[in-house]
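Biologist: I am new to this structure and would like a close look at one part of it. Please start with a single residue and then work outwards.

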Amino acid sequence: MRAFLFLICPLLLFLGCSYLLPFLGIMQLSFSDPDPGLAQYRHVLSDPLTLSVIWRTLRICAIVTVVSVIAAYIITLLWVRGRPLVRSLTELCIMIPFWISVLSRAFGWMSMLSNRGLLNTWLKDLGLIDASLQMTRNEFAVVIGMSHYLIPFAVFPLATAIRNVDERVLTAADGMGASRLRIFWQVFLPMTASGIIGATLLVFVFSIGFFVTPALLGGGQSVLIAELIYLWIFQIPQWGMAAAMSVILMIAVGGILVLLMRRYGEVAK
Amino acid sequence: MASTTQIEVCSIGKKYGKFKALGDINLGIAEGEFLSLLGPSGSGKTTLLTLIGGYDAPSSGRLLFDGQDMTNWPAKQRGFGMVFQGYALFPHLTVAENIAFPLKVQKRSKAQIADRVAQMVEMVGLSGHEAKKPTALSGGQQQRVALARALAYEPKVLLLDEPFSALDKNLRGQMQEELRRLHRDLGTTFVFVTHDQEEALALSTHIAIFNHGELQQIGTPEEVYERPANRFTAEFLGDINLLSLDGSTGCLAETAIELPKTIAGQSHLAIRPEHMRLAADDDAIQLPVRLRDRVYLGSKSRLLLETSGGEELMLYLDNDPTDMRPGSELRVAWDARDSFAV
């Protein structure tokens, strides 16, 4: 046991220096700049503009989580249970995004969705629309961009759960006369609940801190928490506010994690 | 009861690629029968069960159910109950919900389902466990849930794939008794796959013995045990003493003991250990042997013997104070009607 503690020391030291110390700095900032005390927190939690950003963040992240987990579920089904060719193609499609930076992806989506982008041009050429559809600089674009980034992360917890499904249970349900639809909704889906919970948690927690994608695809029209913190640090310096917001964000994420793990820890095991 | 043939297996064969899992199987299963498909692993017994259940399609041959061709019916159309190896319970549902599942599929009324579930829980002795998830149950209890679920919709045939293989010996004995009771009470046809000879002998009304995808013999437990059709069956069902035959003389090899029966073309004479005894003076057959070892088993002893030709024999002896040491010269005897040539 002692040897174990000794071996883990360097990691603790590294985390302490690179994570805990700066975090304590932020904490200190949030309680002192510019006014000592809870003024910054009071302001963050009462200012209508800030509150609307928090609300928008939660809403967009919830939508992104639902979209990502549903899309990832379908992709994972193809990957784990598809025919060999489908499997390898899907695997490629899951892996490739990992090699592309978040910045290039955001620009990629902009060239797809912008007013004179690919999608609008095609739709016009096909005569389906007359004027360009507004698909960037709004929440739609943010949801698309964030989901695209997060889907692969949802795939892995889902894949573990889907691989663990005992084929015989499905055969048994089929033999009892259950339709494919019933087998999916009442047997397969519940049997993969642990994966769905894991993927949901992971994606939601990831999405709350998103910065680049919403900043670019939202075009300043749908500011999320991370972008607000950025603004308070670099554009209109209010470091104490930024620090308070960061602490709130962190506590919220931590709280959600603890709550969900308490609630579903049994299932997720 | 066991008069009409319910399921007929006609020239059924199954190939997986080039591997022949089953070759040309013919057998009939009567209504209310308890048929065990017995054989070593890889003998094709489970394959035949999945074909009968409709979970896989045969490569050749036909399956009849009450005279109708059911070869192409999917499992759900056949409506047989099935207890899978490993039970295949729904892990996210409680005991009661597991049993109710097939009934809900059949769209029975809530009241009917509740009644039936209660009845099944009672029947398999799981009262008080209705609200538990399968993971909270012991292996034996999970087994009971699987049985209850398979029997809930009153199938005409119940298929069981090595249902007791995961249970320890005591529990296995108890479950065997319960299965016998269920079969007796319900009168449902049971088709039971096992590799355990004793289990098959104890439970079945009929046993079909498989090896290498071929049906070796089918008959009542007494028939297959007392009159095995071939050497495989003889050796597979319990212990057996084999003595080489001299084809030209019709005698036991290297002895002058003549056998009263026609044994043409057979290579060995087989006698079950329990039919062999130490010879008394008036016994017709007397084979000299040497005692190699005596194993004390409590209520009896097992004697390991060797003939002059070096063949090993075994017999059981009720314990008596006789002090026999390894190396003693003895004589063994058996009644001619208890021996058979293989």
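Is Lys124(A) buried, partly exposed or exposed, and what is its relative accessible area?

Modeller: First, a caution: this is a predicted model. Lys124(A) is partly exposed. Its relative accessible area is 33%. That value falls between the limits, because buried means under 20% and exposed means over 50%.

Now place the residue. Lys124(A) belongs to helix H6 of chain A, which covers residues 118–125. Set aside the residues up to four places away in sequence. Lys124(A) then touches Asn115(A), Ile129(A), Asp130(A), Ala131(A) and Ser132(A).

From here, step across the chain to Asp47(A). Lys124(A) and Asp47(A) are 77 residues apart along chain A. Their C-alpha atoms are separated by 43 Å.

Asp47(A) has a polar partner. Its side chain makes a polar contact with the side chain of Thr50(A), at 2.6 Å. Thr50(A) sits in helix H3 of chain A, residues 48–81. Here the exposure changes. Thr50(A) is buried, because its relative accessible area is 2%, whereas Lys124(A) is partly exposed at 33%. What does Thr50(A) touch, leaving aside neighbours within four places in sequence? The contacts are Val44(A), Leu228(A), Trp232(A) and Met245(A).

Leu228(A) and Trp232(A) lead to the next element. Both are in H12(A), the helix of residues 225–235. H3(A) and H12(A) pack at an angle of about 145°. Their axes are 9 Å apart. From H3(A), the residues that meet H12(A) are Thr50(A), Val53(A), Ile54(A) and Thr57(A). From H12(A), they are Ile225(A), Leu228(A) and Trp232(A). By class, this contact has 5 nonpolar and 2 polar residues, with no charged ones.

Next, go to the other chain. Chain B brings 18 residues into contact with 16 residues of chain A. The area buried between them is about 1,500 Å². Carbon and sulfur atoms give 68% of that area. Lys76(B), His92(B) and Phe101(B) supply 34% of what chain B buries against chain A, more than any other three residues.

Lys76(B) has another role in the contact. Its side chain forms a salt bridge with that of Asp174(A), at 3.2 Å from N to O. The count between the two chains is 1 salt bridge. There are also 4 residue pairs in polar contact between the chains. On the side of chain B that touches chain A, helix H2 (75–78) and helix H3 (95–105) of chain B each give two or more residues. H3(B) gives the largest share, 4 residues. By class, that side of chain B has 11 nonpolar, 3 polar and 4 charged residues.

Finish with H3(B). How many of its 11 residues are buried? The count is 8, and the helix is mostly covered. Phe101(B) is one of the buried residues, and others include Val95(B), Asn98(B), Ile99(B) and Leu103(B). The cover comes from both chains. Chain A contributes helix H8 (167–175) and helix H9 (180–191), among others. Chain B contributes elements including helix H4 (110–123) and helix H5 (139–151). Just after H3(B), Lys107(B) takes a positive phi of about 60°.

Technical notes
Residues are numbered from 1 along each chain as its sequence is written. Chains are lettered from A and ligands numbered from 1 in the order in which they are written. This is a predicted model: local features need pLDDT of at least 70, side-chain atom pairs count only at pLDDT 80 or more; totals for chains, interfaces and linings use all residues. Side-chain values use heavy atoms; hydrogens and water are left out. Buried means under 20% relative accessible area, exposed over 50%, partly exposed in between (1.4 Å probe, protein chains only). A polar contact is a pair of N or O atoms within 3.5 Å; within protein, one must be able to donate a hydrogen and the other to accept it, and residues adjacent in sequence count only if both atoms are side-chain atoms. Contact means heavy atoms within 4.5 Å. Axes are lines fitted to C-alpha atoms, for helices over the stretch in contact, and angles run from 0 to 180 degrees between N-to-C directions. Ala, Val, Leu, Ile, Met, Phe, Trp, Tyr, Cys and Pro count as nonpolar, Asp, Glu, Lys and Arg as charged, and the others, Gly among them, as polar. Buried area is the accessible area (1.4 Å probe) that two parts lose on being put together, summed over both. A salt bridge is a side-chain nitrogen of Lys or Arg within 4 Å of a carboxyl oxygen of Asp or Glu.
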